[in-house]
Amino acid sequence: MKKLFLILGLISLTTLSFIACNSDNDDNNHGQSTMSPDSLPVSAKNLVSTYFSGISIKSASQSSSPNIYNSVYKALLTNGFEIDFDKNGNWTEIESEHNQAIPENFLSGEVPEILDYVKSSYPSNWIVAIEKEHYGYSVELNNDLDLIFNQNREFVGIDVDNDDNETVISYTSLPQAAQNFVTTNFAGSQYVTVKKETEAGKTSYKAYLSTGYKIEFDSAGNWTEIESKTNSDIPGTLIPANIKTYISTNYAGYTITGIEKEVYGYNVEIVKGVSDIDLKFDPNGTFLGIDH
């Protein structure tokens with residue numbers, strides 16, 4: 001991504017992050033009460049029937065007053081999508097619980113310019129969440145990348161969701177061991193965003209790849225966590241043999257989508273359909289239990 005986009009995207013992110021944090025608190029102050037899906041505004045029900053044909057509303061709720069995004073109603077669909085609406089039934093946010101792609105007919109009908117940009121710039125990725133903001137739109141891709149668009153649906157920049165202790169860096173600033181790790185194990189991937197984090201005197205790095213993987217490294221460039229945002233397999237050479245054997249024997253058909261080094265050994269995430277399980281192993285790959 002061009003530096004200009006990053007600069008534009010970061011101009012107001014401190015303010016936006018502050019607003020987002022306040023919105024979380026704001027949500028907590030607006031009590032949600034359950035309601036019958038049939039009681040949702042007609043326009044909200046029409047949107048679901050138009051863009052989610054054959055899918056029903058599992059549950060619905062209503063806030064006592066609008067939050068900062070003017071959301072009043074919330075509908076959870078049986079396929080795992082959650083949609084927020086304002087008091088008139090206009091959508092304010094839609095997101096997937098299972099990293100599913102938002103239906104293309106919804107995007108082409110509601111935000112065609114955003115859909116065109118994502119398909120052109122990120123052809124291997126898809127949109128899993130979109131939210132109307134006071135400045136325009138916030139879009140999350142399946143590789144954990146957040147894109148910012150203005151009210152005219154024009155691309156503004158990348159929201160890298162930096163904390164005060166994080167900075168965006170060039171991939172060439174990664175420790176050489178980290179660069180070698182990516183080249184060896186993720187051939188064909190490109191760096192989308194790389195961040196450096198300094199906390200309590202310790203430095204770590206996060207690399208987001210075009211193929212949907214996020215990799216975290218320690219200060220020396222040793223990997224500490226690998227996660228696939230597209231539910232793709234973690235390269236088998238990176239999974240200890242005993243762990244692979246245990247999973248293939250006891251969880252046939254599951255995909256290993258994440259692995260993290262822990263003080264006790266490893267935490268491994270496996271996925272099959274909508275089933276998502278975290279397993280714990282010791283340093284030798286001996287199964288310890290399910291991480292609830």
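So, which residue lies over the face of Trp-223? That would be Lys-261, sitting 4.3 Å from the ring centre. Before I go on, bear in mind that this is a predicted model.

There's another lysine like that: Lys-280 lies over the face of Tyr-264, and here the distance to the ring centre is 5.6 Å.

Okay, on to rings with rings. The structure holds 15 aromatic pairs. Let me walk you through a couple of them. Tyr-246 and Tyr-251 make a tilted pair, with 6.5 Å from centre to centre and 50 degrees between the planes. It counts as tilted because that angle falls between the 30 degree limit for stacked and the 60 degree limit for edge-to-face.

Tyr-251 also pairs with Tyr-254, and that one is edge-to-face: 5.5 Å centre to centre, with the planes at 85 degrees.

Now, buried or exposed, what about Tyr-251? Tyr-251 is buried, because its relative accessible area is 15% and the cut-off for buried is under 20%. Its two partners land on the other side of that line: Tyr-246 is partly exposed at 22%, and Tyr-254 is partly exposed at 21%.

And these tyrosines belong to a bigger picture. Ring pairs join Tyr-246, Tyr-251 and Tyr-254 with Phe-281 and Phe-287 in a cluster. So if you've got the structure up, go find Tyr-251 in that cluster, then look across to Tyr-254 for the edge-to-face pair and to Tyr-246 for the tilted one.

Definitions and conventions. Residues numbered from 1 in each chain as written. Predicted model: local features only at pLDDT ≥ 70, side-chain atom pairs only at ≥ 80, totals over all residues. Heavy atoms only, no water. Phe/Tyr/Trp six-rings, centres within 6.5 Å; stacked < 30°, edge-to-face > 60°. Buried < 20%, exposed > 50% of the residue type's maximum accessible area, 1.4 Å probe, protein only. Lys NZ or Arg CZ within 6 Å of the ring centre and 35° of its normal.
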